[in-house]
Amino acid sequence: MLLGCSAFAQTSTGTVVLNGRLSFSNEAKEYQETGYKNTWRGITVAPAIGYFIHDGLETGISSGINKVFSKNQFKTEETKLKVNNYSINPYIRKYLAITDQLQLHGTGYVSLGFGNSKYQSESDASPKLSHTTTSYGIGFYPGLTYFATPKIGFTASFGSLAFSRTKQRPEEDADVTESITYKSFTAALSPNSVSIGFGYYIGQ
């Protein structure tokens, strides 16, 4: 019973949490009729620090490092896209106890980011595309935290509800000179996008 009581204490007012999240995404598509193939891989590392302003209510800030690699193949031609993004993400998270050691939570956040992308093609006729990017967004995702000890919690989450706006500006050596702005909305609950987190909880 002591461990259960400690788990609830970890989400009480005044607790500080040091945590991190590691996210992997992987997707592959192949269309046999046309011979088109696409692979997409992504990884995100996001350390964070939070503070419980009320029992079961945490607020904090995280930083994110996101790398994406995409490859498209059509017949004998191959193209590659590499993306590197960095972000700062203030967040708020609400916890609801399921058992003494397991808690459900929902996390809302805003995001400010910057980065770069580079498009490569084996074809000499294809334009050279290199961009710097700035973005902002807002989103929500659910998760579960299991308190293995009075100070250590493991978090898992997948899927998200999110909106973002991104502006791409071509670099000086790019063949394309126009800036591009695009918006995206995501509503997904997929086993292909899994987030695993670890938290160290410091009570008063």
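Helices and strands here are DSSP runs, H or I over at least four residues for a helix and E over at least two for a strand, numbered from the N terminus. The model you're working with is predicted.

**Exercise 1. Sketch the fold**

Work out how many helices and strands the chain has, and in what order they come.

*Solution.* Start with the tally: one helix and ten strands. Now read along the sequence: the pattern is α-β-β-β-β-β-β-β-β-β-β, with the helix ahead of the strands. Next, look at the contacts with a separation of 6 or more: 64% of them link residues 24 or more positions apart. Finish with the surface. Of the 204 residues, 31% count as buried. The accessible surface is about 12200 Å², and carbon and sulfur atoms hold 61% of that.

**Exercise 2. Take the nonpolar patch apart**

Find which strand gives the most to the nonpolar patch on the surface.

*Solution.* First list the members: Leu 18, Ile 49, Ile 61, Ile 88, Tyr 146, Phe 154, Phe 198, Tyr 200 and Ile 202. Together they have about 780 Å² of accessible area. Then go through the strand ranges. Strand S10 spans residues 193-202 and comes out on top with three residues. From the list, these are Phe 198, Tyr 200 and Ile 202.

Now pick Phe 154 from the same list. Phe 154 sits in strand S7, residues 152-158. Its relative accessibility is 42%, so it counts as partly exposed, since that class lies between 20% and 50%.

**Exercise 3. Sort the faces of S7**

Which residues of S7 are on the covered face, and which on the uncovered one?

*Solution.* Begin with the general rule: in a regular strand, side chains alternate between the two faces of the sheet. Then apply that to S7. Gly 153, Thr 155 and Ser 157 make up the covered face. Ile 152, Phe 154, Ala 156 and Phe 158 make up the uncovered one. Phe 154, the patch member, is on the uncovered side.

**Exercise 4. Trace the pairing from S7 to S9**

Starting at S7, follow the strand partners through S6 and S8 to S9, and say in which sense the strands pair.

*Solution.* Step one: S7 pairs with S6 in the antiparallel sense over five bridges. The two form a hairpin with four residues between them, and Thr 145 stands opposite Thr 155 in S7.

Step two: S6 (residues 129-147) also pairs with S8 (residues 160-170), again antiparallel, over ten bridges. Here Thr 132 stands opposite Arg 169 in S8.

Step three: S8 and S9 run antiparallel and are joined by nine bridges. Gln 168 stands opposite Ile 180 in S9.

For a side-chain view of that last pair, try Thr 186, which is found in strand S9, residues 180-188. Skipping neighbours within four places in sequence, Thr 186 touches Ser 160, Leu 161 and Ala 162. Its C-alpha is 8.8 Å from that of Ser 164, 22 residues away along the chain. At 33% relative accessibility, Thr 186 is partly exposed.

**Exercise 5. Buried or exposed?**

Decide how Thr 79 and Ser 25 are classed, buried or exposed.

*Solution.* The cut-off you need is 20%: buried means under 20% relative accessible area. Thr 79, in strand S4 (residues 77-97), has 10% and is therefore buried. Its contacts beyond four places in sequence are Ser 70, Lys 71, Asn 72, Tyr 119, Gln 120 and Ser 121.

Ser 25, in strand S1 (residues 16-31), has 16%, so it's buried too. Check the long-range geometry as well: Ser 25 and Ser 195 are 170 residues apart in sequence, yet 9.0 Å apart C-alpha to C-alpha.

**Exercise 6. Core and charges**

Name the residues of the largest nonpolar core, then find the salt bridge.

*Solution.* The core has five residues: Val 17, Phe 52, Tyr 95, Phe 147 and Tyr 201. Zoom in on Val 17 and leave out neighbours within four places. Its contacts include the core members Phe 52 and Tyr 201, as well as Ala 48, Gly 50 and Glu 58.

As for charges, the structure holds one salt bridge. Lys 29 forms it with Glu 27, with the closest N and O atoms 3.4 Å apart. That passes, because the limit is 4 Å. Lys 29 is partly exposed at 39%, and Glu 27 is partly exposed at 36%.

Technical notes
Residues are numbered from 1 along each chain as its sequence is written. This is a predicted model: local features need pLDDT of at least 70, side-chain atom pairs count only at pLDDT 80 or more; totals for chains, interfaces and linings use all residues. Side-chain values use heavy atoms; hydrogens and water are left out. Buried means under 20% relative accessible area, exposed over 50%, partly exposed in between (1.4 Å probe, protein chains only). Contact means heavy atoms within 4.5 Å. Accessible areas come from the Shrake-Rupley method with a 1.4 Å probe; for residues, only the protein chains shown count as cover. Patches are made of residues with over 30% relative accessible area and no salt bridge: like charges are joined within 9 Å, nonpolar side chains (Val, Leu, Ile, Met, Phe, Trp, Tyr) within 5 Å. A salt bridge is a side-chain nitrogen of Lys or Arg within 4 Å of a carboxyl oxygen of Asp or Glu. A nonpolar core is a set of buried Ala, Val, Leu, Ile, Met, Phe, Trp, Tyr and Cys residues joined through side-chain atoms within 4.5 Å. Two strands pair if DSSP finds at least two bridges between them.
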